[in-house]
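Me: I would like to learn how to read pockets and helix packing in a model such as this one. Could you take me through it step by step?

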Amino acid sequence: LADDFLNEEEQLSDTDQQLLKEIQERVEKLRQRGIKQHLIDQFVKMTVQKSHLQVTADARILLTDYRKEVQMLPIDKVVYIFFLRHPEGVALKALSDHRDELTNLYMRVLGKRQLTDKQHASIARLCDSLDNSINEKLSRIRKSFCAEVHQGVADNYIVQGERGGSRAITLDEELIELGEWGR
């Protein structure tokens, strides 16, 4: 069962496989005793060591301590890097105030000096509070992290916030390495 959670290139020793099997059995015992899944998930989230997050010069998003790269489309990287640069949070309806920054980030992510009309339109849609584009991007970012780590762990790395309020990434700032993408 533990093999279902591993990438093809990862192999566990027999001892590690046995430990994972014991954890699985204990979690199942907790469920049988009536402990709700959300409490088990909260416990896992609290006990998991968070990885450093690094944005490389070529806009790769790495969870360095887990030795994983989080794959995203370029426009999703733009949104993600934007929120990393704004730890104070930004309301989605205020994205239009940041159009120039989003445009510049998009050019840097793509390695271009100029965007196509279609790419400019993507930025315009992000900044349009009546368009659902930003929510689509945030959903894809969540899926990208959940593809690499358990959802309880992924919550540390995704853009979150109350509807209508500011959104932010709540990961401790000392775990974020932006390099030349800096704030």
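Reply: Helices (H or I, at least four residues) are DSSP runs, numbered from the N terminus. This is a predicted model, in which local features need pLDDT of at least 70, side-chain atom pairs count only at pLDDT 80 or more, and totals for chains, interfaces and linings use all residues. Residues are numbered from 1 along each chain as its sequence is written, and side-chain values use heavy atoms, with hydrogens and water left out.

Me: Which helices each supply at least two residues of the lining of the second largest pocket?

Reply: A pocket is an open set of points on a 1 Å grid over the protein atoms alone, where a 1.4 Å probe fits, with protein on both sides within 12 Å along at least five of seven lines, and lining residues have an atom within 4 Å of a point. Here, helix 5 (117-127) and helix 6 (133-146) each do so.

Me: How do I read the angle between helix 3 and helix 6?

Reply: Axes are lines fitted to C-alpha atoms over the stretch in contact, and angles run from 0 to 180 degrees between N-to-C directions; 65 to 115 degrees counts as roughly perpendicular. The axes of helix 3 (residues 74-84) and helix 6 come within 9 Å and cross at roughly 90°, so the two helices are roughly perpendicular to each other.

Me: Which residues of helix 3 and helix 6 meet?

Reply: Contact means heavy atoms within 4.5 Å. Ile75, Asp76, Val79, Tyr80 and Phe83 in helix 3 meet Ile134, Lys137, Leu138, Arg140, Ile141 and Phe145 in helix 6.

Notes:
Parallel < 35°, antiparallel > 145°, perpendicular 65-115°, else oblique.
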